[in-house]
Amino acid sequence: MHYTFNIERGNFTDAGQASSSVKRTLKQLGVDPANIKRTVVALFEAEINAVAHAYGGTIDVDIDGEKIVMVVADEGPGIPNLDLAMQEGWSTASQKVREMGYGAGMGLPNIKKNTDDLKIDTKVGVGTTVTMTVYLN
Amino acid sequence: MAQGETYFRHSLKVNDYLCAGCTTCMRTCPTGAIRIRGGKAVINDNKCVDCGECIKVCPHKALYIKQDDFQLIENYGYKVCLVPATFIGQFEEKYKTKAIYSCLKKLGFTHIYEVEHGVEFLVDLYKEYMEDHPEIRSFISPYCPAVIRLIQVRFPSLVDNIIRLKSPLDLAARAILKKLMDEGARRESVGIFYVTPCAAKIASVKYPVSQQDTCIAGVINMDFLYNKVQLMLHDSDKDVKPINHTLTSRDVLWPLSGGEASLFRGSHYAVDGLQNVISFLEKLEDEAIDAPGLIEMRICDQGCVGGVLATNNRFVARKRMENRARLFERLHRKNEGGLEYDDSEFSEQIAQEMVIPEIKPRSLYKLDDNFAEAFKMAERMKKIEKALPGVNCSACGAPSCAALAEDIVRGEASIDTCIFINRHSQASEDAIRSIWGDRVKTKEINNDENK
């Protein structure tokens, strides 16, 4: 099963629709609540990252019998130092973003914690593609 | 409607004689529990959470809450009326509480207690529970039974966040029973009758989530008792005897939104109103909000004064209860002459009895127990949903096109019930097209789906 969603820069208000929709399907499939939670938390974090940092992008979710693969691809500034970005508490978020309760530097570490496989392709000035996989068993 | 094991039962019923099949309740139901069959609303017991929204919106008064026969009180020597503080809030302030109590006595009750007598004891149990579970960050109050059931069916991953303790109602009933038995009453002669402000509370007494017996002999609808008492108050209120039981100001405020949360130091939240509760739980489940501490949740706006069986305006009732609480505050009222919880042996025993052993997740979304089968069904459902017009007209007897798609894959409905897809004449084709234009689908999609 395939789902596609668009990401709009700075639209925190509507963020979360992708995770809500995926969550509903996983509940229909009877996926274990713990795995649903991991998936939804990771997807939401990745979406918020793109909303906060990128100029726009897409979310593609594929669900099959074994796994959920989520690809969040954005056009944006890219991540100059991926190792730093993977550290808890490291953030380049603007004051405005922090005032909205985001930007605590937990995004990528939280995604890593909640997924079984995480791949980040990033190019400064071009964009970032985050590929997250959660195995169902 | 095809159903396997029934694990929820309800006192909320449809009066087929009054029901016009108008779809209003069906489109309001937060769990999609209602369908129209045979021209009448039909409730799926496993999906209904007793929130009472359907009763509130029904233009034909066709939904009702089945209460116990009032005559039942005559079966008992000790006829105990257990009223929520919300009940007193229904009456104009010119009527004194003792006048209301005296009317209840004239109706045949021998003892009257307000439900909230034990909330301070209960709050201590909440706090102990929270200390005993450091692994849980957000604790959801178990007070509103409709919230518990909503979580079971729609947010099963949050079941463990619910504090597994019974309600002030269970506590008060247990303490009354002890008090009367200490005074020499036999267990069988004590009939405790609870006055309910809503459908959820009656269900929680009749079919408790703990699946353990309650000490309640029967339940009376609050609007029914209000009407009886109101008539008598007009008739005469001269024969008034003072009553000793007292509540504290905190007790009186408990049923109101915020009344519970405000008793907790540190971080706490008070969420009321059906849609607010749903959106909060949705975000909590996604960890899109971080809400450490106690989360008080009430399905009804303003709390229990917004219950479907509350007769008076919720804001007016709220104000009256706040005034009553202020008065008690000024009088420095303590819980005297009411129910006692300080007997250590009893309080230890009751603390154990108050524990709900287990709250089971009851997901209403799951299509099949077998993952591969559920997967096939979900795929087919997505396809059917695309073929449907997305107008959510409800003419098929389901609340939305998505719900019809689900009913079809569950084998509970046919795509032929969609009047958009099943157009028999050129005249109906033209008429529908004139309203909806290109959103109408052709029959080929229908045929394709049937292959």
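**Domains of chain B and the contact with chain A**

In this predicted model, chain B comprises three domains: domain 1 spans residues 1-65, domain 2 spans 70-353 and domain 3 spans 368-451. Where domain 1 and domain 3 of chain B meet, ten residues come from domain 1 and seven from domain 3. On the side of domain 1 that touches domain 3, helix H1 (24-28) and strand E2 (34-37) of chain B each supply at least two residues. The most is given by E2(B), with three residues. By class, this side of domain 1 consists of five nonpolar, two polar and three charged residues.

Strand E2(B) also takes part in a hairpin with E3(B), in which two residues lie between the strands. Within this hairpin, Gly38(B) has a positive phi near 60°. The two strands run antiparallel and are joined by four bridges, and Ile34(B) lies opposite Ile43(B) of E3(B). In a regular strand, side chains alternate between the two faces of the sheet. Such alternation is seen along strand E3 (residues 40-43) of chain B. Ala41(B) and Ile43(B) point to one face and are buried, whereas Lys40(B) and Val42(B) point to the other face and are not buried.

The contact between the chains draws 17 residues from chain A and 20 residues from chain B. On the side of chain A that touches chain B, helix H1 (17-28) and helix H2 (33-53) of chain A each contribute at least two residues. This side of chain A contains seven nonpolar, seven polar and three charged residues.

Conventions. Residues numbered from 1 in each chain as written. Chains lettered and ligands numbered in written order. Predicted model: local features only at pLDDT ≥ 70, side-chain atom pairs only at ≥ 80, totals over all residues. Contact = placed C-beta atoms within 7 Å. Nonpolar A, V, L, I, M, F, W, Y, C, P; charged D, E, K, R; others polar. Domains from an automatic or database assignment. Buried ≥ 20, exposed ≤ 12 C-beta atoms within 10 Å, placed from the backbone. Pairing = 2+ DSSP bridges.
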